[in-house]
Amino acid sequence: MAEVAGSALNQAVLSLTCSFFVLSFISLFMMSYVQKGNPLTTNFNKIALLVTAIAGTVYFCMAMGVGITEDAAGHVYWIRYVDWMFTTPLMLIELGILAGAPPTQTITLIVLDELMLAFGISSSFSVEGRWPFFMTGLLLYAAVFFKLFTSLQNQAMAQGGDRKVLYTFVANRTAEIWCMYPVMFALCECTKTFPEEIEVAGYAVADIFAKCGIPMMVWVSSLGGAKEPRVEPILEEPEAATP
């Protein structure tokens, strides 16, 4: 087991984040019962539960010093990529469900996402190839968002109604939060502009917003009077003939 040689602040941040994910898991579990009458929202909450459970486990491991190695440049939190390789495809599946996308489109998204993460972890462990690996991963990152806001968005728009509204909200928030990750990677892992404490805290904040904040915002908006997503009826009642 690799021990964390960093400051106590890092361990405090990781421990607090782990606690937040545990509490979020409990909250989302209870939320799933509130909205269990809606198949679309129920599936969304079930996946969100799995995402928070995985993230909480990984943060617990990091707080215990597991999944961290040290190289000449500092610590590499490689278990963070294990988290992302499971949770980001689940989050993309959430978006695929909300958009009503066919499985082939969702699978294509997941393949692009996994390739992006593979280049990201290669960049973390490589010194000479750090920037080439990072830039290649950035191109795949752009491809993921291109597909989210073309194919999947068109699918959601075609279905219309509340499905379109919910997909637009979740996709936009996901894009906004995920933009933090390459910026953090470039400033903290590639250039070492910020210290390790900023890196740990920054990734923790981004993970909390992406994996806990979005499902909770969806739930709170429904409590505030927003329409719950539902599949619109295909056939409508025929209008009475006028004389």
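Here a trainee and a mentor talk through some labels used for this predicted model.

Mentor: Quick ground rules: residues are numbered from 1 along each chain as its sequence is written, and side-chain values use heavy atoms, with hydrogens and water left out. As the model is predicted, local features need pLDDT of at least 70 and side-chain atom pairs count only at pLDDT 80 or more, while totals for chains, interfaces and linings use all residues.

Trainee: Okay, what makes Tyr81 and Trp84 an aromatic pair, and is it stacked or edge-to-face?

Mentor: Rings of Phe, Tyr and Trp (its six-membered ring) pair if their centres lie within 6.5 Å; planes under 30 degrees apart are stacked, over 60 edge-to-face, and the rest tilted. By this rule there are ten aromatic pairs. Tyr81 and Trp84 sit 5.2 Å centre to centre with 75 degrees between the planes, so they pair, and edge-to-face is the label.

Trainee: Why are Tyr81 and Trp84 separated by about one helical turn?

Mentor: Because they're three residues apart in helix 3 (residues 79-99). Helices here are DSSP runs (H or I, at least four residues), numbered from the N terminus.

Trainee: And what is the label for Phe134 and Phe185?

Mentor: Their centres are 5.3 Å apart and the planes differ by 5 degrees, so that pair is stacked. Phe134 lies in helix 5 (residues 130-159) and Phe185 in helix 7 (residues 180-190), so the pair ties together parts that are 51 residues apart in sequence.

Trainee: How do you know whether Ser123 and Val22 are buried or exposed, or something in between?

Mentor: Buried means under 20% relative accessible area, exposed over 50%, and partly exposed in between (1.4 Å probe, protein chains only). Ser123, in helix 4 (residues 103-125), has 0% relative accessibility, so Ser123 is buried. Val22, in helix 1 (residues 8-34), comes to 42%, so Val22 is partly exposed. Phe134 and Phe185 are both buried too.

Trainee: What makes the link from Ser123 to Arg130 a polar contact?

Mentor: A polar contact is a pair of N or O atoms within 3.5 Å; within protein, one must be able to donate a hydrogen and the other to accept it, and residues adjacent in sequence count only if both atoms are side-chain atoms. The Ser123 side chain reaches the backbone oxygen of Arg130 at 2.7 Å, so it fits.

Trainee: Last one: how do you know what span to expect for helix 6?

Mentor: Take 1.5 Å times one less than the number of residues. Helix 6 (residues 161-178) has 18 residues and reaches 26 Å from its first C-alpha to its last, close to the expected 26 Å. Among its buried residues are Leu166, Tyr167 and Trp178.

How values were computed
Helix = DSSP H or I, 4+ residues; strand = E, 2+ residues; numbered from the N terminus.
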